[in-house]
Amino acid sequence: MSEMGESGEEGVTETQGLEEDGESRLRSAKERNEGVRTDGHEKEKKLGMLKSFRESFKRTPERNPLSPNFKGPKDHLNTEMGMQNIDPEITSPTQVQPPPSPSSNADSPLTSPRKTLGGFFPRKEGDNSESSSPTQKRIGHSRTRSDPSFAFTESVLKKGASIRRSLRLNKKDKTAKVEQLQPVSEAPAAEKKEVEVEKGERGIRESYTLPEIPSTPLSVMQINKLIETEKLAEAHLNLLSLRLEFQQEKEQCSAEASPLELAKKEKDLSLLYGAMLDKVKSIARNSNSLPSRYKELLVDVARIIQEEERREGDPGGLVGPGGWRGAWREAVSEGVQAKVDSVQLDGRDQNASWLAVHLGLLGEAIVVDLENVKRDLQGSYPPSFHVFSTYVSCYHATVGQHLKKLLQQVTDLKDYYALLDWIIHRYESERIMGSLSLCPEMEAEDTALCLEEDFLEQLKRKYCRRVQEDMKDSLGRILTIEDQEMWKNRKAPESDEDSFLYSHFHMDIWTKIQSNAVNTKKIDVHLEKRVLCACLEELKQFPKRFEFQFEPVFNSLRGTTLGVDYQITYINTFVALKEHMDSYKDSCPTQVDLFSREADGLVQRLVLGLENQFKNETKPFLRRMMTRKWLTADEDFQQLYSRTEKLFQQCVQMRSPHVQTLVSNLHYHLVKEYVSQLMKNNYSCKNRKHERASKKMRGQWSKIRELFQDMKTDHEWLHPIGDHLCDIIGQKNKRDIKNHVQPLVKDYPDIRRSHLAAVLYFRGVMRGREKQAILQRLTQLTTARGGTGHQNHSLFAHIEVPMNADCLADMPFSCLSFLLPDS
């Protein structure tokens with residue numbers, strides 16, 4: 001077809017030049033030979049032939065749709081008007097210039113489908129008139145060489161060539177003549193100027209002038225073909241013509257128009273409008289993917305939507321929810337959805353950072369697409385379409401739904417974090433919606449995502465829950481590592497720079513919580529508090545979990561140095577962990593208090609374990625105190641002292657304040673048990689052995705006091721008890737004993753007659769007036785004090801005195817009242 005069109009254009013151009021040159025030469029010959037009479041009959045015959053050929057040349061390309069010189073009705077009328085002013089008998093070429101050959105440039109209305117909007121329509125069958133109306137448009141169809149119009153054109157070209165040969169026209173003269181030709185009609189130039197003004201503005205104009213609607217529409221199949229081939233402007237004009245025809249027939253309700261025909265035409269309209277709407281949506285949907293291809297078509301799409309909105313409510317149109325513009329927005333949204341779905345999304349098994357990578361690519365795709373809209377697409381729409389805003393809002397909604405789907409696939413903490421960070425910070429930042437490349441259009445837009453009301457809150461709850469689960473897993477791994485590296489291998493714990501035993505896991509736990517807090521604070525300060533509470537909520541269970549797993553290890557190492565070292569290590573570790581957690585008390589006081597209680601409970605049980613272990617180890621040695629063997633041998637006391645000193649050396653590696661608690665408790669226990677041996681009435685120092693016993697006891701008490709002073713015991717009030725008892729036991733004269741009762745009662749007001757009687761029994765004072773006088777002195781002192789004294793310094797109240805039958809055997813019944821408990 002292109003070759004045929006080029007040859008046809010060349011032929012017609014040559015023919016026009018031919019007739020114009022021939023006419024000029026004939027006029028010149030007429031002027032030169034004026035007055036010379038020739039054969040008039042032959043002259044008139046030749047001029048008539050030339051005029052006939054010339055007129056046929058002018059009409060043929062104008063009526064042939066395949067010719068590049070084909071004109072619409074307006075140009076055709078202008079050409080005819082110009083030709084009417086040319087008199088073929090006028091011999092002067094300067095009076096009236098013939099019209100030029102139509103131009104085939106890009107601005108010509110003959111080659112621009114947008115400017116020839118619905119310009120051509122074929123005549124109906126049976127219509128013999130040359131034109132149904134002066135303004136009726138015609139449509140060109142593809143023709144082959146077998147087409148009669150093609151054959152006619154070819155024959156005309158041959159005749160023109162023959163005449164040129166007969167007149168022996170010079171090519172130079174023809175060329176010179178063509179260069180002098182000037183356009184007659186100003187319509188194409190005016191149309192070109194209007195288009196330039198329209199394109200020079202940012203986007204196309206809001207207002208427009210609809211081309212004249214054909215009075216007779218094309219057939220349904222032809223209109224559908226135009227829609228399929230994306231000749232939307234022409235198809236829409238014919239569709240409007242068909243719609244007007246339907247409206248007229250419906251209003252007239254003539255007898256000729258049967259209801260069946262009317263229903264059929266209405267159905268055809270519905271199908272064609274449906275096809276048109278589908279094509280409009282398809283173009284709008286795909287325009288953001290291929291902006292260069294659909295840029296020009298979008299102009300027609302916008303005009304069609306505008307025109308249909310103007311005719312909304314008229315019969316025969318396509319009515320739906322949201323109308324045509326709503327359908328356009330829906331198509332834009334579908335295109336945005338396709339763009340979002342096309343972003344690479346790897347599986348969790350393929351890429352551990354699958355979500356972070358996907359969100360990064362998604363942000364890049366959004367920016368690139370909106371740049372295309374800003375640069376290429378929004379200029380194809382009138383301002384009322386708000387194209388950029390529409391795409392931005394579609395992205396807000398589409399991305400919001402996309403994130404909702406992604407949330408269903410998220411399981412790892414890092415993915416929850418990546419999703420929160422992308423939503424709260426990255427989406428509205430300069431990386432995506434705040435990109436400088438989208439300014440200034442983006443400055444007037446809302447940059448926030450369109451999320452469901454509780455979506456972000458739901459995401460935060462899941463994030464906190466996952467933080468807690470991750471914290472639980474981390475604590476479980478810490479216990480596993482401690483078991484495998486320390487307990488199973490019986491590895492000795494390490495000491496820090498202050499020589500305190502410790503384990504690394506308290507730093508691991510604190511680092512984990514602090515990391516969660518710092519990272520979350522970057523997203524949201526309020527979310528940071530919730531994350532800390534979630535971590536501490538799980539951490540409060542850790543002391544019991546630790547104790548459950550450590551208890552078998554403790555039992556297996558009971559009584560060993562390594563077992564004591566482990567206990568001291570974990571006392572120090574949990575004390576340090578508790579100090580770390582106290583820094584979060586302002587953020588979540590309830591959770592910190594709950595954890596502190598659990599940690600303190602574990603530390604107390606560990607300290608108590610050390611106490612019990614010491615008590616069990618020293619019990620056999622203490623039971624043999626204040627006996628005949630004790631008086632003659634120092635082995636038991638040496639063992640007692642050695643165990644106490646060893647524990648003291650280990651306690652040096654324990655942090656405050658629990659080391660003081662342990663030392664003080666051991667000090668109290670040792671003193672109480674040592675004194676208790678005097679109350680058992682197992683041995684009585686006779687034959688002046690009480691002096692040896694007093695001396696021995698004083699030496700042992702001195703060592704015990706010095707040891708616990710070095711250990712910085714909190715129970716210094718226990719130191720004098722040894723001296724008081726040694727003073728009573730070591731008195732040579734029984735009568736002098738009552739003089740030493742007053743210091744004893746002063747320092748230990750909880751002492752009772754039974755306690756003093758047991759001490760006197762060990763001294764060898766079992767009966768007699770001296771004993772009664774001493775006990776009477778005690779009664780007087782305790783009565784005078786009235787029970788006053790330091791309430792926390794209670795020693796004898798925790799010491800039981802067993803009744804000794806041997807001690808009471810020789811005592812008179814009247815003296816038993818002195819041994820009864822005080823009222």
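Two residues are in contact when heavy atoms lie within 4.5 Å of each other. By that criterion, among contacts in this chain between residues at least 6 apart in sequence, 78% join residues at least 24 apart. The model shown is predicted.

**The whole chain.** Begin with everything selected and displayed as a cartoon. The secondary structure comprises 29 helices and two strands. Switch next to a surface display: the chain exposes about 43200 Å², of which carbon and sulfur atoms supply 49%. Of its 823 residues, 44% count as buried.

**Helices α17 and α20.** Select residues 525-539, which form α17, together with residues 589-623, which form α20. Two packed helices are described by the angle between their axes and the distance between the axes. Here the axes come within 9 Å and cross at roughly 20°. Angles under 35 degrees count as roughly parallel, and α17 is therefore roughly parallel to α20. The crossing of these two helices is left-handed.

Now show side chains at the contact. On α17, select C533, L536, E537 and L539; on α20, select Q591, V592 and F595. Coloured by character, the residues of this contact divide into five nonpolar, one polar and one charged.

**Helix α25.** Move on to residues 720-730, which make up α25. Which residues of this helix are buried? They are I721, G722, H724, L725, C726, I728 and I729. To see what covers the buried residues of α25, add residues 658-679 (α23), 690-710 (α24), 741-747 (α26) and 753-763 (α27), which are among the covering elements.

Note on methods. Residues are numbered from 1 along each chain as its sequence is written. This is a predicted model: local features need pLDDT of at least 70, side-chain atom pairs count only at pLDDT 80 or more; totals for chains, interfaces and linings use all residues. Side-chain values use heavy atoms; hydrogens and water are left out. Axes are lines fitted to C-alpha atoms, for helices over the stretch in contact, and angles run from 0 to 180 degrees between N-to-C directions. Helices (H or I, at least four residues) and strands (E, at least two) are DSSP runs, numbered from the N terminus. Angles under 35 degrees count as roughly parallel, over 145 as roughly antiparallel, 65 to 115 as roughly perpendicular and the rest as oblique. A crossing is left-handed if the near helix is turned anticlockwise from the far one by less than a right angle, and right-handed if clockwise. Ala, Val, Leu, Ile, Met, Phe, Trp, Tyr, Cys and Pro count as nonpolar, Asp, Glu, Lys and Arg as charged, and the others, Gly among them, as polar. Buried means under 20% relative accessible area, exposed over 50%, partly exposed in between (1.4 Å probe, protein chains only). Accessible areas come from the Shrake-Rupley method with a 1.4 Å probe; for residues, only the protein chains shown count as cover.
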